[in-house]
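Here are a few exercises to work through with the model open beside you. Try each task yourself, then follow the solution step by step.

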Amino acid sequence: MFNSSRRGLQAIQWWLYWKLPTLWWWGVKVKILAEDQCAISMRYSWFNQNPFRSAYFAALCGAGELSTGLLVQQKTRELDMSMLLVSIEARFVKKATVIITFTCTEGQRIAEYVLAAKQTSEGITFDAISTGINKEGAV
């Protein structure tokens, strides 16, 4: 799909602009997209704020979901398959008022699930975990 070179990351940002403009508007940036992990960052700004001086939860959910979704899309695209997000679960423990980076390191596990679905021609459901941290390293 894409790679983590400077040119590859720029291509992803343009893809976000055209396919997921809300994430682009919120300032979501793809920092790493590799076979085993994906890291997405979002800076707190006027474009993603809520009335309580922190990032709007939907913007945070979108950035977190993108860190898992790009990995799944990378794997399904290689095998000419599609994907569908069926649910999302989030836990917020601190106000997001700085840059938040969401990282999913489950690329290998995702690849195994996708390959199993391709071999059986059956849809599967699985959980992929993304963890968001601020610049101080707090979850």
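**Exercise 1: Salt bridges**

A search of the whole structure finds 2 salt bridges, a salt bridge being a side-chain nitrogen of Lys or Arg within 4 Å of a carboxyl oxygen of Asp or Glu. This is a predicted model, in which local features need pLDDT of at least 70 and side-chain atom pairs count only at pLDDT 80 or more, while totals for chains, interfaces and linings use all residues. Residues are numbered from 1 along each chain as its sequence is written, and side-chain values use heavy atoms, leaving out hydrogens and water.

Task: Which residue forms a salt bridge with Lys75, and how far apart are the closest N and O atoms?

Solution:
- Step 1. Lys75 pairs with Glu35, and their closest N and O atoms are 3.2 Å apart.
- Step 2. Now place the partners: Lys75 is in helix α3 and Glu35 in the loop between β1 (28-33) and β2, so the pair, 40 residues apart, links distant parts of the chain. Helices (H or I, at least four residues) and strands (E, at least two) are DSSP runs, numbered from the N terminus.
- Step 3. Check the accessibility. Lys75 counts as buried because its relative accessibility is 5%, whereas Glu35, at 49%, counts as partly exposed. Buried means under 20% relative accessible area, exposed over 50%, and partly exposed in between (1.4 Å probe, protein chains only).

Task: Is Glu106 buried or exposed?

Solution:
- Step 1. Find its partner: Glu106 meets Arg109 in a salt bridge, 2.7 Å from N to O.
- Step 2. Glu106 has 15% relative accessibility, so Glu106 counts as buried. Arg109, at 28%, is partly exposed.

**Exercise 2: Strands**

Task: Which side chains of β3 point to one face and are buried?

Solution:
- Step 1. Recall the general pattern: in a regular strand, side chains alternate between the two faces of the sheet.
- Step 2. Apply it to β3 (residues 100-104): Ile100, Phe102 and Cys104 share one face and are buried, while Thr101 and Thr103 point to the other and are not.
- Step 3. Look at the neighbours. β2 and β3 run antiparallel and are joined by 5 bridges; β3 and β4 also run antiparallel, with 4 bridges. Two strands pair if DSSP finds at least two bridges between them.
- Step 4. Pick out partners: Ile100 stands opposite Met42, and Phe102 has Gly132 in β4 as its bridge partner.

**Exercise 3: Two loop residues**

Task: Where is Ser54 found, and which residues does Ser54 touch?

Solution:
- Step 1. Ser54 lies in the loop between β2 (38-42) and α3 (57-78).
- Step 2. Not counting residues up to four places away in sequence, Ser54 touches Tyr44, Asn48, Gln49, Lys95, Ala96 and Thr97; contact means heavy atoms within 4.5 Å.
- Step 3. With 6% relative accessibility, Ser54 counts as buried.

Task: Where is Ile124 found, and what is its relative accessible area?

Solution:
- Step 1. Ile124 sits in the loop between α4 (107-120) and β4 (131-134).
- Step 2. Its relative accessible area of 37% makes Ile124 partly exposed.
- Step 3. Leaving aside neighbours within four places in sequence, Ile124 is in contact with Tyr113, Val114 and Ala117.
- Step 4. From Ile124 to Met83 the C-alpha distance is 9.7 Å, with their positions 41 residues apart in sequence.
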